[in-house]
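Work through the exercises below with the sequence and the model side by side, and try each task before reading its solution.

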Amino acid sequence: MAERGRGRVSPNPLVGAVVVRDGVAIGEGWHAEVGGLHAERAALADCEGRGGDPAGATMYVTLEPCAHQGRQPPCVDALLEAGISRVVIAADDPSEKTAGRGPAILREAGVAVDFADDPEAGAARLLNQPFRKHARTGRPFATLKLAISLDGQIATTPGDSPWISGAESRALVHRWRAESDAIAVGIGTVLADDPLLTARPDSGDTAQTPRQPLRIVFDSQARLPVTSQLLQTLDQSPVLVITAPDPDPARADALRQAGAELLTASGDTHAERINSALTQLGGREVTSLFLEGGRSLATAFAAADAIDESRTFVAPTLLATVASRAGGAGAGGAEDALARSAPPAPASGPARLQALSTSSEPVGDDLLITARFKEW
Ligand code: AOF
Ligand code: ZN
């Protein structure tokens with residue numbers, strides 16, 4: 001049930017709740033949109049709608065009930081009023097305003113409070129990795145998407161230009177875009193492919209028009225062309241250009257005139273500038289960032305240890321000759337996402353992130369490999 005809110009509740013968490021009496025579910029609810037009823041109150045309202053009485057019943061909920069007044073009143077008040085006698089919680093809530101307060105208040109009022117063990121607790125934490133990372137660090141959860149051929153060549157800008165992966169993979173990428181708060185690419189990718197970076201899921205995939213993510217270009221010297229598709233489609237979704245300190249003033253002005261917003265990432269190194277950018281994005285409630293290429297953006301994020309998850313499509317194609325002829329940015333062409341000039345070779349050799357866990361599944365004729373690097 002919590003899953004039903006995916007793509008609709010950010011920056012809030014996905015939450016589901018069930019009220020159970022004598023082994024029978026008498027009320028079910030989930031957090032359906034930002035600002036709307038919390039899952040607990042939705043489940044209690046469902047009880048009432050079905051004519052059930054929650055007094056003395058147990059509530060199972062995927063996230064600890066809140067105790068603060070936000071866009072919605074505290075859930076613990078609703079649970080106490082309804083006379084719920086036991087609450088089973090799958091995951092803690094790491095946000096400062098909430099953490100631990102709800103369970104403490106419930107226990108004090110005589111309600112039995114139990115926390116689930118793994119693997120249920122783990123699954124519930126997995127559901128809300130962006131929310132959890134943002135609550136704990138103030139920065140967005142970064143997912144790197146890659147599409148590679150059998151011989152390990154990187155394909156360019158999946159989702160827009162013709163690429164090597166199949167239609168199913170492409171559709172999935174559009175769904176992921178709609179589920180992300182923001183999408184980022186490096187300027188090299190924009191110059192090579194002129195992508196739109198909007199979410200265009202299959203009609204039928206979503207009941208309503210998809211939320212459009214904020215579109216971000218890492219563009220140290222403000223080189224984004226004012227004629228780019230990105231800046232021609234500002235009516236669909238805004239464009240944020242992240243530059244190094246003191247970009248060329250004329251180019252920066254031209255971008256502002258064209259309707260882009262500019263943000264300065266401070267710091268002397270790639271890693272410092274990435275962290276500066278992530279902190280500023282987190283400050284404006286971007287909880288999830290979807291990295292769509294190209295190689296130098298991916299390398300810079302990896303070197304800054306700023307990748308939380310990767311999703312790699314392996315297409316059943318050998319690409320070597322095609323890639324060397326095309327010579328696109330994704331296949332190793334020059335890119336300047338974060339550097340003022342060519343990026344300096346890192347002192348300690350290439351960044352190497354080791355995944356905590358991986359999983360793989362077929363998607364059409366492609367293979368999708370998901371790797372998680374951090375757990376929040
Ligand atoms: C939700 N939905 O089902 C639960 C939440 O200020 P608000 O009302 O938007 O509350 C947001 C916080 O409430 C959220 O960050 C989380 O800590 C807590 N629980 N939030 O949006 C829910 N149970
Ligand atoms: Zn709540």
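**Exercise 1. Find the polar partners of ligand 1, and state how much of the ligand the protein covers.**

Solution. Begin with glutamine 72, where a polar backbone atom lies 2.8 Å from an oxygen atom of ligand 1; this is a polar contact, defined as a pair of N or O atoms within 3.5 Å, where within protein one must be able to donate a hydrogen and the other to accept it, and residues adjacent in sequence count only if both atoms are side-chain atoms. Next, a polar backbone atom of arginine 71 is 2.9 Å from an oxygen atom of the ligand, and in serine 95 an N or O atom of the side chain is 3.2 Å from a ligand oxygen. The protein buries 97% of the 480 Å² that ligand 1 exposes when taken alone, with accessible areas from the Shrake-Rupley method and a 1.4 Å probe.

The model is predicted, so local features need pLDDT of at least 70 and side-chain atom pairs count only at pLDDT 80 or more, whereas totals for chains, interfaces and linings use all residues. Residues are numbered from 1 along each chain as its sequence is written, chains are lettered from A and ligands numbered from 1 in the order in which they are written, and side-chain values use heavy atoms, with hydrogens and water left out.

**Exercise 2. Describe the shell around ligand 1 by class, and name the residues that come nearest.**

Solution. The shell holds six nonpolar, eight polar and four charged residues; here Ala, Val, Leu, Ile, Met, Phe, Trp, Tyr, Cys and Pro count as nonpolar, Asp, Glu, Lys and Arg as charged, and the others, Gly among them, as polar. Of the 18 residues around the ligand, Asn12, His31, Ala39, Gln72 and Asp93 come nearest, a residue being near if one of its heavy atoms lies within 4 Å.

**Exercise 3. Identify the donors of the zinc ion (ligand 2), and place them along the chain.**

Solution. First, the coordinating atoms are ND1 of His38, SG of Cys66 and SG of Cys75, at 2.0 to 2.3 Å; donors are N, O and S atoms within 2.8 Å of the metal (3.2 Å for Na, K and Ca), and water is not among the atoms, so sites may look incomplete. Second, their spacing along the chain reads H-x27-C-x8-C. Third, histidine 38 sits in the loop between β2 (24–30) and α1 (39–49), and cysteine 66, 28 residues apart from it, in the loop between β3 (58–63) and α2 (75–82), so that the pair links distant parts of the chain; helices (H or I, at least four residues) and strands (E, at least two) are DSSP runs numbered from the N terminus. Finally, histidine 38 and cysteine 66 are both buried, and cysteine 75 counts as buried because its relative accessibility is 0%, the class being under 20% relative accessible area, with exposed over 50% and partly exposed in between (1.4 Å probe, protein chains only).

**Exercise 4. What caps the N-terminal end of helix α9, and is alanine 250 buried or exposed?**

Solution. The cap is aspartate 248, which places a side-chain oxygen 3.2 Å from the backbone nitrogen of alanine 250, at the N-terminal end of α9 (residues 249–257). Alanine 250 itself lies in this helix and is exposed, because its relative accessible area is 56%. Just after α9, glycine 259 takes a positive phi of about 105°.
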